[in-house]
Every structure is written in C-alpha cells, then in structure tokens.
Amino acid sequence: MDGKRPLDRRAVLAGGLAGATVAVTGCSATRTAAPESSASATALARARPSTPAAAFARLVEGNQRWVSGDLHHPDRDPNRRQLVAQLQEPFGSILSCIDSRVPPELLFDTGLGDLYVMRTGGQTLGPVVTGSVEYGPMTSGTPLVVVLGHQRCGAVKAAYTALRDDTPLPGNLQAIALALKPAYEQAVRKGGTDPVETMTRAQVTLASTALRSNADLAPLVKKGALAVVGAYYSLDTGKVEVLDGAPS
C-alpha cells in the first residue's frame, strides 16, 4: 500500500455517490441549504427521527392512521417539495413488493422525502437491490430498513407453483422464482394449509436476516445506529405486522 493509510469504504462510497448524484434531478444527497418557505417551521417541528426506535415508531403511527382512516397526508404539498428539492434525508428505507396494492408511502401515511423505497417481485434481493438498500444507511444515516412482504403475493404464488411443478416461468420472471427458492424450500419443510403465505413470511425473514448480516450494514446494526425489520402487510385490514427485528 506504499505506506498510505487505507481508505474508509463508507466514506469513499458516500463521497462518490453524493458527487455523482448532484447532477441527477431529484436524487441529490448534497447538503445544500433548503430555501426558506412557510413550511420550514412545520418541517422542523416534525423533526426527522434520528434513532431506529424513533423511526420505527413514526412508521407504526402512520400505519395506524392508514388502518383507521384518520390520515394526515404529511409532507405532500408544494412547500414540502421546495423544502426537500436540494436536500433529502429520509428516515426509513423500505424494500417491498411491486404489488400495486402495497405502496409504502401510503400505507405508512408518509410523504415526499420521508422514505427511500425499493420494490421488487416478492422482495427479492440481488446486488443492485442490496446496494440500493445500503444507500440510505451508508450515505445519509437512515436509521431504519424495513423488508415488507404482503398477503396474497402474486410473485410468491407464481414462484411457488413454478418451483413445485418444475415449470420455469417465462422470460426473466424465472429469475424471481430462483431468488425465492430458499423461501420455497422453507415453506415445503414447514408444511401447512397455506404454503404461499408461509413462503411469503419466510422470504421476509430470509431477506431481513441477509440485510442485517450484510458486511456493510451489520456494523451499523451492532452499534445501534440501524435496525432492519421484517414485516408483513395485510391486504384485508391494512395493518403491518412485525415479524422480526423491531428496535426496542
């Protein structure tokens, strides 16, 4: 190494991504002062949660409003848009399914600039998806990651049937089935009357465990700066159930 001190990987990543995203509209992590607006006082009063427990509590409160119908629709107006135009500091990162009935911003009653959201069929992971999940915690200190599965998941059902019948899905859909194979194997071992639901919950636990033990996220989890929560959403009730990893 020619006597030079090794570089801190997280510092290099944060600097590189921040520099690269300055030119991308809507993706800037540059800490430029936000313009003054009438919404500034309100935004400051509703401070960004800085701990995993506080961030989790904010999501729980939002989901309770979604279930009851007493929605606040926070952070969804032109003033909020102006406030976050130069700076984003989401308090949570959500990895959920692509299902049209499971939009995280709605079911947690959040708004613009509150959440990083990644959506894949059946909450499947891969290098690009994992990197996207890592982005918030590693570059802007986002204290919470939630892996959110849901009731009657079409992606999981299709993968279950394809794997059970040894009939590949068309096109790149087969990649989703293969990514879900460990969850399928767990569901087969466990048995039960509804293997698709069992497989969905297994996938949530597998994905959250993988992220929690990720080489770059694990140190943040260990020191209490990050929590990775596995959760399950009911289409019938609108309620989010925690499966694992809830911060205390």
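**Notebook: aromatic pairs, α3 and the cores**

I looked for ring pairs in this predicted model and found two aromatic pairs in the structure, counting rings of Phe, Tyr and Trp (its six-membered ring) whose centres lie within 6.5 Å, with planes under 30 degrees apart taken as stacked, over 60 as edge-to-face and the rest as tilted. For Tyr116 and Tyr135 I noted ring centres 5.7 Å apart and planes at 80°, so this pair is edge-to-face. The pair joins distant parts of the chain, with Tyr116 in strand β2 and Tyr135 in helix α6 (residues 127-140), 19 residues apart; helices (H or I, at least four residues) and strands (E, at least two) are DSSP runs, numbered from the N terminus. I found both Tyr116 and Tyr135 buried, that is, under 20% relative accessible area, where over 50% is exposed and in between is partly exposed (1.4 Å probe, protein chains only).

I numbered residues from 1 along each chain as its sequence is written. Local features need pLDDT of at least 70, side-chain atom pairs count only at pLDDT 80 or more, and totals for chains, interfaces and linings use all residues, while side-chain values use heavy atoms, without hydrogens and water.

Next I looked up the largest nonpolar core (buried Ala, Val, Leu, Ile, Met, Phe, Trp, Tyr and Cys residues joined through side-chain atoms within 4.5 Å), which has 18 residues, with Leu59, Leu144, Val146 and Leu148 making the most contacts inside it. Two or more residues come from each of α3 (52-68), β3 (144-150) and β4 (227-233), and β4 gives the most, four residues.

In α3 I listed the buried residues, among them Arg58 and Leu59.
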